[in-house]
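Dear colleague,

Please find below the structure that I am handing over to you. My findings follow directly after it.

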Amino acid sequence: ESRIVGVLGNQVLLHDGTTMMIPREVARPNELAEGDTVRLTYEVRNGQNVATSIQFMDRPGGLRPR
């Protein structure tokens, strides 16, 4: 669980300094915002952290915006 401090396209920077790539099937770039607290599961692919699921902790039910 971490807070997003930066968004650049499909990549986010988390408050602990971790960079995470968020594939479109997990979340669209316009669904990600600085300040969101998220719970991510991920795997390392070719040395890059790639999210496999995302839950938004600050939104009712952890849902993504529609």
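The accessible surface of the chain comes to about 4,200 Å², and carbon and sulfur atoms account for 46% of that area. Please bear in mind that this is a predicted model. The chain has 66 residues, of which 35% are buried.

As to its secondary structure, the chain contains five strands and zero helices. Read from the N terminus, the order of the elements is therefore written β-β-β-β-β. Among the contacts in the chain with a separation of 6 or more, 41% join residues that are 24 or more positions apart.

I turn next to the interior. In soluble globular proteins, nonpolar side chains tend to be buried together. In this chain, the largest nonpolar core has 13 residues. Which of them touch the most other members? They are Ile22, Leu32, Leu40 and Ile54. Two or more residues of this core come from each of strand S2 (11-14), strand S4 (37-45) and strand S5 (48-56). S5 makes the greatest contribution, with three residues.

Ile22 may serve as an example for a closer look. When its neighbours within four places in sequence are set aside, Ile22 is in contact with Asn10, Val12, Ala27, Leu32, Leu40 and Ala51. Two of these partners, Leu32 and Leu40, are also named above among the core residues that touch the most other members.

A second point concerns the loop between S4 and S5, where Asn46 is found. Most residues other than glycine have a negative phi, and most peptide bonds are trans. Asn46 is not a glycine, yet its phi is positive, at about 50°. Is Asn46 buried or exposed? Its relative accessibility is 85%, and a residue counts as exposed when this value is over 50%, so Asn46 is exposed.

The last point concerns Asp58, which lies in the segment after S5. In sequence, Asp58 and Asp36 are 22 residues apart, while in space their C-alpha atoms are 6.7 Å apart. With neighbours within four places in sequence left aside, the residues in contact with Asp58 are Gly35, Asp36 and Thr37. For Thr37 there is a further detail: a polar atom of the Asp58 side chain lies 3.1 Å from the backbone nitrogen of Thr37.

When you open the model, I suggest that you begin with the core around Ile22, continue to the loop that holds Asn46, and finish with Asp58 in the segment after S5.

With kind regards

Conventions: Residues numbered from 1 in each chain as written. Predicted model: local features only at pLDDT ≥ 70, side-chain atom pairs only at ≥ 80, totals over all residues. Heavy atoms only, no water. Core = buried A, V, L, I, M, F, W, Y, C linked by side-chain atoms within 4.5 Å. Buried < 20%, exposed > 50% of the residue type's maximum accessible area, 1.4 Å probe, protein only. Helix = DSSP H or I, 4+ residues; strand = E, 2+ residues; numbered from the N terminus. Contact = heavy atoms within 4.5 Å. Areas by Shrake-Rupley, 256 points an atom, 1.4 Å probe, with all protein chains shown as cover. Polar contact = N/O pair within 3.5 Å; in protein donor to acceptor, adjacent residues only side chain to side chain.
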